2 protein chains.
Amino acid sequence: MGEGADKITFPVIAERAGVNPTTLYRRWDNVNALLEEVAVAALTRDGESAPDTGSLEQDLTEWADIIARDITRPERVRYLRAMVAARAETVSNCPVTETRRDQASEMVRRARERGETAPTASQILDHVIAPLYYHVVFALQVDPEYARRLVRDVLAMVR
Amino acid sequence: MGEGADKITFPVIAERAGVNPTTLYRRWDNVNALLEEVAVAALTRDGESAPDTGSLEQDLTEWADIIARDITRPERVRYLRAMVAARAETVSNCPVTETRRDQASEMVRRARERGETAPTASQILDHVIAPLYYHVVFALQVDPEYARRLVRDVLAMVR
DNA sequence: TAGTTAAAGCAAAGAAGATTGCTTTATGGT
DNA sequence: ACCATAAAGCAATCTTCTTTGCTTTAACTA
């Protein structure tokens, strides 16, 4: 490797954390395991609960905006890239996306209770979350307006 | 690193290619540069032109199905992961997504000439391509039925 | 055919990460 | 206060990737 951009290794992490590399080697099997643990802890913090504004469009817009602002932070982008790179064929499900699915389900459930027609949680993941990640990963623009557009799109599907 | 799953390095590639590692070190600055070049060459081969069946839904369905089958191949998944990991903040645009955008634009153009109402090329990328990549990356199911569902969704937006 | 230049192979040296045994420090219980 | 256990640090070693000088092969030209 040459470019000093990333290069995530135990020695590098240990130095930044002010601990001995051996400590890391002993606690995690490899860097990916560490990253995954950290990323999951960071990305699924309980502060992120689904909004409840009384309207699905409003809920989704706020939710998408929070996520958009979160995943565009440089550390998050790094985590995201690392997790994508780390994830082997064997890996089945990701706690982060599970959390997002739960939140989406919750918003959908409330909307339907109010009598609103709503897309499925899967549709929300596919058409709001996925495009957001896609834009982050391929360095395309991600801003509140884009998040709002995605929400409008997914709602237009069921109208 | 421990797991023998991936671990893409010059020596490994060189051995599989039957050439000397030095040759690779001399031609490319680092593994990511090589991967990007190979991935772009592989993923944008001219064979992949947009279908032209006379119906946008049919075009998109075939197109999405081709892409779905392509990006779920193990080598493609590896490329995808490697490219995501490689892509630094500095990187602006990806030739692969450019090609996809061109193909989407072409299908949309033809559909509109026929008088069909059609989503934008951006919408197609966001709601068909992005979810496909998302599913591949997070090891979720990707099959023809899923591709077809995405196409139905994106078309439902503009009806 | 001989000569020149570029690319590929070879081999040795250098650098960085990964692994392991042992020592030291810290924490909790008696 | 003492002991026991576990975690963290240290240091030496091993492995692997990376780099570089030199040789060899190949291709193209005079």
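Student: What makes the meeting of H4(A) and H8(A) a contact?

Tutor: Contact means heavy atoms within 4.5 Å. In this predicted model, Leu56(A), Glu57(A), Leu60(A), Thr61(A), Ala64(A), Asp65(A) and Ala68(A) of H4(A) meet Pro144(A), Ala147(A), Arg148(A), Val151(A), Arg152(A), Val154(A) and Leu155(A) of H8(A). Both are helices, that is, DSSP runs of H or I with at least four residues, numbered from the N terminus.

Student: How do these residues divide by class?

Tutor: Nine are nonpolar, one is polar and four are charged. Ala, Val, Leu, Ile, Met, Phe, Trp, Tyr, Cys and Pro count as nonpolar, Asp, Glu, Lys and Arg as charged, and the others, Gly among them, as polar.

Student: Why are H4(A) and H8(A) called oblique to each other?

Tutor: Their axes cross at roughly 140° and come within 9 Å. Axes are lines fitted to C-alpha atoms, for helices over the stretch in contact, and angles run from 0 to 180 degrees between N-to-C directions. Angles under 35 degrees count as roughly parallel, over 145 as roughly antiparallel, 65 to 115 as roughly perpendicular and the rest as oblique. The pair is therefore oblique.

Student: And why is H4(A) called roughly parallel to H7(A)?

Tutor: Helix H4 (residues 56-71) and helix H7 (residues 121-137) of chain A have axes that cross at roughly 25°. That angle makes H4(A) roughly parallel to H7(A). By class, their contact has 12 nonpolar, no polar and no charged residues; Trp63(A) of H4(A) and Tyr133(A) of H7(A) are among them.

Student: What makes a residue count as near DNA strand C?

Tutor: One of its heavy atoms must lie within 4 Å of the strand. Of the 14 residues around DNA strand C, Tyr25(A), Arg26(A), Asn20(B), Thr23(B) and Arg27(B) come nearest. H2(B) gives the largest share of this surface, four residues.

Student: How do you know that Arg26(A) makes a polar contact with DNA strand C?

Tutor: A polar contact is a pair of N or O atoms within 3.5 Å; within protein, one must be able to donate a hydrogen and the other to accept it, and residues adjacent in sequence count only if both atoms are side-chain atoms. An N or O atom in the side chain of Arg26(A) is 3.0 Å from a base oxygen of the strand, so this pair fits the definition. For Asn20(B), a backbone N or O atom lies 3.0 Å from a phosphate oxygen.

Student: How are the residues and chains labelled, and what was left out?

Tutor: Residues are numbered from 1 along each chain as its sequence is written, while chains are lettered from A and ligands numbered from 1 in the order in which they are written. Local features need pLDDT of at least 70, side-chain atom pairs count only at pLDDT 80 or more, and totals for chains, interfaces and linings use all residues, while side-chain values use heavy atoms, leaving out hydrogens and water.

Conventions. Helix = DSSP H or I, 4+ residues; strand = E, 2+ residues; numbered from the N terminus.
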